[in-house]
Structure formats: structure tokens, C-alpha cells
Amino acid sequence: MPIIETKRGKIHYKDYRKDSSSNTPYLLIHGAGSQYMDFPSLMRRNLQTIAIELPSHGRSPQRDSASIEDYAQDIIAFLDALNLEKVIVIGHSMGGGIAQQIALDYPERLKGLILIATGARLAVNSAIIEGILTHPEETARSVTRWSWGNFADDALIEQGIAHLLETPLELIQGDYIACNQFDVRSRLSEIKAETLIIAGAKDKMTPLEWNQALADNIPNNLLAIFEKSGHMVHVEQVEAVIDLIRDWAEKI
């Protein structure tokens with residue numbers, strides 16, 4: 001992955017576009033304590049996306065803990081560094097919170113907004129916030145199991161646990177705290193971007209009612225619910241999600 005210097009620091013990213021001069025690009029924003037590989041390869045490549053790693057995540061240089069607002073500013077600095085005027089942002093979980101913050105504070109930078117398994121208030125149980133430091137393996141196992149619906153086998157869950165524990169525990173906790181402090185419920189009506197909301201009915205991390213609340217309050221939106229999927233709906237149902245995004249994007 002290349003690295004780019006922005007006015008807020010260096011960011012690792014990968015550009016999957018075959019022709020950077022054509023359509024408005026999709027920008028992928030991953031979830032708490034994760035990396036760009038939160039999004040499956042099929043999705044990254046078939047949609048010809050730009051996938052980033054937030055500061056301190058993956059191979060992006062370390063930085064002090066950040067808020068959702070800080071991460072949104074990092075994304076804008078990244079777009080400026082790449083001379084991208086507009087993007088369609090795809091945010092998963094915490095990435096969906098960051099995407100909402102961008103839509104509220106920098107609406108001119110968005111052609112569209114895609115929110116996957118997220119909410120306008122990302123409350124995190126205090127047992128998870130504390131447990132990721134005091135009982136990391138047990139907490140990672142719980143978080144990972146809660147993240148999948150009916151399609152995950154034991155091997156996939158074990159892989160998810162290992163993937164999460166590759167991230168420094170203090171960073172994961174910092175992200176959980178940032179999520180817990182995030183609340184834009186009173187501002188959802190201000191979002192003007194065309195919005196696609198993708199939810200898993202079996203999601204235990206960002207419950208279906210959180211996604212439904214987005215649909216009830218964002219003016220121009222489409223809500224798609226996958227009945228048997230969980231928090232990782234875009235992984236469990238990757239081909240269907242890709243088709244959904246393409247169909248929706250043709251109409252905005």
C-alpha cells in the first residue's frame with residue numbers, strides 16, 4: 001500500500017481504481033480497531049475503490065487517540081492530498097459514524113453516503129471498553145461472535161478474533177471510547193447526501209433499530225435489510241451488497 005502525506009499526517013491507502021479519471025470513486029472507511037481489509041477483496045476490487053487505514057491503524061503511523069470528529073478531519077485531509085473533490089463514502093460501523101460526520105460537516109465533498117451496520121449513536125458497553133484491556137482474548141471473542149450472523153463458521157470467527165488482536169489494545173479501546181462519545185441523532189435531518197443504509201437483522205453490535213433510526217431521520221435514503229446477516233453483512237453477503245451498491249449508485 002502506498003503512503004501519502006496529508007496536512008494531518010501520513011495515511012496508508014490502496015487505490016483499486018483502474019481508471020482514476022472516470023466515475024466518482026468509492027472511499028472505504030473501516031471500523032473500530034481494524035484495517036482496510038474489513039472490506040472483502042471482492043468488494044474492494046469490483047467497485048474499484050480507494051481503501052484507507054485510519055491513523056494508527058494497520059500501516060498508518062501511530063498517533064494519539066482520536067474522536068470521530070478527528071477521524072473525519074483526517075479523511076478530508078486525505079481527499080485534499082489526492083485532489084479528490086467528491087467521493088461516495090462507504091463506512092462500516094465506526095467508519096459509518098465517521099461517514100456521517102463528514103456528511104454533516106463537509107457535505108460538499110460527498111456525492112453519496114453508504115452506511116453499513118452503524119448508527120447515529122454508537123454506544124459501547126462499558127464491559128467491552130474495559131475488557132479489551134483487562135481480558136483481551138475473552139472480549140475479542142465476544143465482540144467477534146456478536147459481529148456475525150448465520151453464515152459464519154468457527155474458522156471465520158477464529159480468524160476474526162486473531163485479526164482484531166493484531167491491533168494494539170489501547171488503540172481498540174480508544175476507538176470504542178470514540179464510538180461511545182459519538183452522537184449525531186439530533187442532526188440526522190441535516191444530512192443532504194443521497195444515502196444507502198445496509199443492515200443485518202441479526203446484528204448484535206449495531207442493532208437493526210439503530211439502522212432503522214437512520215432511515216427514519218435522514219431525508220433521502222434507501223434502507224436494505226439482510227435478514228440472516230449480522231454486523232459483517234458486507235462480508236457475509238458480499239456479492240449481493242456489491243449489486244445493491246451498483247444499482248443504487250446508478251440512480252444518484
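Helices here are DSSP runs of H or I, at least four residues long, numbered from the N terminus. The model is predicted.

**Stop 1: Ala 127**

Select helix H4, residues 126–134; Ala 127 lies in it. Is Ala 127 buried or exposed? Neither: Ala 127 is partly exposed, because its relative accessible area is 49%, and partly exposed covers what falls between under 20% and over 50%. Now add Thr 139, 12 residues apart from Ala 127 along the chain. The two C-alpha atoms are separated by 8.5 Å.

**Stop 2: H5 and H6**

Select residues 136–146 for H5 and residues 154–165 for H6. Their axes come within 9 Å and cross at roughly 130°. That makes H5 oblique to H6. The crossing is right-handed. Show side chains next. On H5, pick Pro 136, Glu 137, Ala 140, Arg 141, Val 143, Thr 144 and Arg 145. They meet Asp 154, Ile 157, Glu 158, Gly 160, Ile 161, Leu 164 and Leu 165 of H6. By type, this contact has 7 nonpolar, 2 polar and 5 charged residues.

**Stop 3: H3**

Move to H3, residues 94–105. From first C-alpha to last, its 12 residues reach 17 Å, close to the expected 16 Å. Of these 12 residues, 11 are buried, so H3 is largely enclosed by the rest of the structure. The buried ones include Met 94, Gly 95, Gly 96, Gly 97 and Ile 98. Further along, Gln 100, Gln 101 and Leu 104 are also among them.

What covers them? Bring up strands S3 (26–29), S5 (87–92) and S6 (110–116). Then add helices H2 (68–81), H7 (169–181) and H8 (208–217). The cover of the buried H3 residues includes these elements.

Methods: Residues are numbered from 1 along each chain as its sequence is written. This is a predicted model: local features need pLDDT of at least 70, side-chain atom pairs count only at pLDDT 80 or more; totals for chains, interfaces and linings use all residues. Side-chain values use heavy atoms; hydrogens and water are left out. Helices (H or I, at least four residues) and strands (E, at least two) are DSSP runs, numbered from the N terminus. The expected span of a helix is 1.5 Å times one less than its number of residues. Buried means under 20% relative accessible area, exposed over 50%, partly exposed in between (1.4 Å probe, protein chains only). Contact means heavy atoms within 4.5 Å. Axes are lines fitted to C-alpha atoms, for helices over the stretch in contact, and angles run from 0 to 180 degrees between N-to-C directions. Angles under 35 degrees count as roughly parallel, over 145 as roughly antiparallel, 65 to 115 as roughly perpendicular and the rest as oblique. A crossing is left-handed if the near helix is turned anticlockwise from the far one by less than a right angle, and right-handed if clockwise. Ala, Val, Leu, Ile, Met, Phe, Trp, Tyr, Cys and Pro count as nonpolar, Asp, Glu, Lys and Arg as charged, and the others, Gly among them, as polar.
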